[in-house]
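This briefing covers one helix, one residue within it, and one pair of packed helices. The sequence and structure follow.

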Amino acid sequence: MSIDTLPPLRQVIDTHGLAAKKSLGQNFLLDLNLTAKIARLSGDNTGHDVLEIGPGPGGLTRGLLAEGARCVLAIEKDERCLPALAEIAAAYPERLEVMCGDALDVNPLDHLTPPIRVAANLPYNVGTELLVRWLTPPAWPPFWETLTLMFQREVAQRITAEPGSKAYGRLAILAQWRADARIVLNLPPEAFSPPPKVSSAVVHLTALPAPRYPADAKMLQHVTATAFNQRRKMLRASLKGLSPAIEDHLGAADIKPTDRAEQIDLERFCALARSLKSEN
Ligand code: SAM
């Protein structure tokens, strides 16, 4: 059974001529049971406003509305999708607002009052750029409570990676410093139309009220970027440009000079950032 009385998504695509465009990263989800499941994985949105980026023909939008979101603001770059989205808006009066534009140019706070939830199945390059922006505002907590985002599986693994793994790096530190992050669903290429070349995964991030450990955000980003740029080198070598007393700072953070970046957990990277900051 369909989750609503609107036509099946394949019919929507045919009616509105929504042949997928590679340039916009269009790999659509056409199974409404799956989009309803992803909407549920974003949490109980009853009484919450949701920002959706890249609704396309509206599969996830329909899931979010059917699962009870109070109001969805959907930002879509492809104007061909607007008539299909207008049909959804008519089926859910006063609950769907659609903006045509590039999500990278829109400030959600001009349109929504925080805290809000974010859900998206986005082209992967735009998704990573938006995630980094949402994780690095000047102040914290951010405008969002949760982010539920589809990524290429390899990127999802980098966001949720633990120390000691190949995927562990700057993205894990950035995400886990300020949020709980976990993979909630893995999807094979065939779940999409057309199927992408790689597998995908949905990551759910919940914003922490404050960063997990104290540290200056810029210093933490600088230290981790420097450490992971040469991830195979020992830290006393890769970080020597940061301070003439780098070995003392490493010691203060309980890090051996011979350790490598991927062995160091978030708590010790934060301690290192604090020690280096105290020198300036
Ligand atoms: N959410 C739909 C689904 O699950 O079937 C579509 C997903 S498709 C992977 C990505 C969508 O994002 C497309 O509709 C595409 O046109 C849109 N898009 C691409 N770049 C965008 C951008 N910079 N801002 C807003 N939407 C964008």
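The expected span of a helix is 1.5 Å times one less than its number of residues; helices are DSSP runs of H or I of at least four residues, numbered from the N terminus. This is a predicted model, in which local features need pLDDT of at least 70 and side-chain atom pairs count only at pLDDT 80 or more, while totals for chains, interfaces and linings use all residues. Residues are numbered from 1 along each chain as its sequence is written.

**Helix H8**
- Helix H8 has 13 residues (217-229) and should span 18 Å, which agrees with the 18 Å between its end C-alpha atoms.
- Leu 220, Val 223, Thr 224 and Ala 227 of H8 are buried (20 or more other C-beta atoms within 10 Å, against 12 or fewer for exposed and in between for partly exposed, with C-beta atoms placed from the backbone).
- Down the axis of H8, these buried residues fall within an arc of 95 degrees, so they line one face; the arc is that of the directions from the helix axis to the C-beta atoms.
- The face of H8 turned away from the buried side carries the exposed Lys 218, Ala 225 and Asn 229.

**Thr 226**
- Thr 226 lies in H8 and is partly exposed, with 16 other C-beta atoms within 10 Å.
- Leaving aside residues up to four places away in sequence, Thr 226 touches Ser 238, Leu 239 and Leu 242 (contact means C-beta atoms, placed from the backbone, within 7 Å).

**Helices H2 and H3**
- H2 (residues 32-41) and H3 (residues 59-66) pack at about 55 degrees, with axes 8 Å apart; axes are lines fitted to C-alpha atoms over the stretch in contact, and angles run from 0 to 180 degrees between N-to-C directions.

Key. Helix = DSSP H or I, 4+ residues; strand = E, 2+ residues; numbered from the N terminus. Contact = placed C-beta atoms within 7 Å.
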